[in-house]
Amino acid sequence: MRKKCLVLISGGLDSALAARLMQRLGFETEGIAFLTSFQPIPRGGRSHSEEVCGRLGIPLHLVPLDEPFLEIVRSPRYGRGKHLNPCIDCKVLMLRSAWEKAREIGAEFLVTGEVLGQRPMSQNLSALRQIEKASGLKGLIFRPLSARFLDPTRPEQVGLIDRESLPAVQGRGRKLLLALAAELGVSGFSTPAGGCLLTDDGFCRRLSDLMELDLFRGGEVDLVKVGRYLRLGPRLRLIVGRSENENRYLLERAGGRVRLEALGSGPAAVVLGRPGRADLLKAAAIVAAYTDESAAGPVPVRISDPVETVTASALDRSEVAGLFI
Ligand code: SF4
């Protein structure tokens with residue numbers, strides 16, 4: 001029987017290449033990808049990871065990592081990168097979860113598309129060793145793209161893999177990787193997957209604000225991925241949709257939070273925190289400010305809790321601008 005491995009699939013070129021190399025080495029190969037609150041909103045259709053596994057013809061396990069991921073963003077053990085990205089903790093968490101899946105499906109070791117020296121924080125030699133140690137998976141993480149520069153792993157030690165048959169990729173350049181992609185017939189993934197919102201300036205500003213307000217939870221994190229983010233009061237925030245899609249997104253995910261909707265063609269909004277009556281009237285005036293009809297006079301705005309429709313005059317745009325976070 002062929003030996004099985006489980007590849008962590010990011011949706012970018014590197015992990016696709018790692019998976020293809022494992023197939024070429026004759027391993028039964030499966031993929032695993034994680035769902036967290038810090039991924040961009042899918043634009044419909046298949047995710048990058050599903051796309052990669054579909055093209056490689058391998059099964060993909062999609063594993064949600066909601067609460068544990070929030071926890072490492074809140075208080076990372078190994079520090080953060082330039083923004084709020086806790087890359088070392090993130091890798092440790094993903095590898096541990098992947099190993100649970102590997103045991104379930106009978107895979108002997110894990111594979112990643114990491115390249116030595118590609119990322120300053122999480123892909124230097126000491127970080128790779130630290131990740132292995134912290135995850136308790138020493139010798140069980142095989143990185144085929146850079147294996148020739150790394151400590152020998154268990155599948156190599158028992159003779160399942162000869163590292164000399166592998167490419168020797170290191171550093172930030174993409175040339176070797178693109179050449180390898182051409183050689184292995186892996187097409188359509190010319191860039192790394194990226195897309196982690198924890199490296200996005202504006203999004204991290206919103207997250208830091210949620211942390212300060214003690215509102216750093218999955219539901220709130222999802223909501224602040226869209227819209228205009230405004231200070232409604234010292235402990236209150238208002239998210240106002242900028243398009244029909246965002247309005248729909250906000251209303252669908254509002255849960256028990258207070259929603260506002262301009263009747264006619266205006267935006268929808270959601271309040272984070274517990275607003276009083278005066279706050280709701282101010283929120284309605286902000287919503288009215290983004291309604292085309294406001295030039296012609298006050299606008300009806302429906303509030304969800306307590307249910308009522310108020311007639312709101314638009315708050316002056318310069319005043320609204322001062323509320324942006
Ligand atoms: S960039 Fe984001 S997804 Fe990637 S390792 Fe860092 S925290 Fe994890």
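**Note on the two domains and the ligand site**

1. Domain 1 and domain 2 together bury about 1,100 Å² where they meet, and 72% of that area lies on carbon and sulfur atoms. Three residues stand out on the side of domain 1, since Ile-41, Leu-84 and Leu-197 provide 45% of the area it buries against domain 2, more than any other three residues. Please keep in mind while reading that this is a predicted model.

2. To place these parts along the chain, domain 1 covers residues 4-197, while domain 2 covers residues 200-321. Leu-197, one of the three residues named above, is thus the residue at which the assigned range of domain 1 ends. The C-alpha centres of the two domains are 38 Å apart.

3. Counted by residues, the contact between the domains involves 12 residues of domain 1 and 15 residues of domain 2. What kinds of residue make up the side of domain 1 that touches domain 2? Seven of them are nonpolar, three are polar and two are charged.

4. As for specific interactions between the domains, zero salt bridges are counted between domain 1 and domain 2, whereas five residue pairs are found in polar contact across the interface.

5. The ligand deserves a separate look, and a student may wish to find its neighbours in the structure. Which residues surround the ligand? They are Asn-85, Pro-86, Cys-87, Cys-90, Lys-91 and Cys-196. Sorted by class, this shell contains four nonpolar residues, one polar residue and one charged residue.

How values were computed:
Residues are numbered from 1 along each chain as its sequence is written. This is a predicted model: local features need pLDDT of at least 70, side-chain atom pairs count only at pLDDT 80 or more; totals for chains, interfaces and linings use all residues. Side-chain values use heavy atoms; hydrogens and water are left out. Domain bounds come from an automatic or database domain assignment. Contact means heavy atoms within 4.5 Å. Buried area is the accessible area (1.4 Å probe) that two parts lose on being put together, summed over both. A salt bridge is a side-chain nitrogen of Lys or Arg within 4 Å of a carboxyl oxygen of Asp or Glu. A polar contact is a pair of N or O atoms within 3.5 Å; within protein, one must be able to donate a hydrogen and the other to accept it, and residues adjacent in sequence count only if both atoms are side-chain atoms. Ala, Val, Leu, Ile, Met, Phe, Trp, Tyr, Cys and Pro count as nonpolar, Asp, Glu, Lys and Arg as charged, and the others, Gly among them, as polar. A residue is near a molecule or strand if one of its heavy atoms lies within 4 Å of it.
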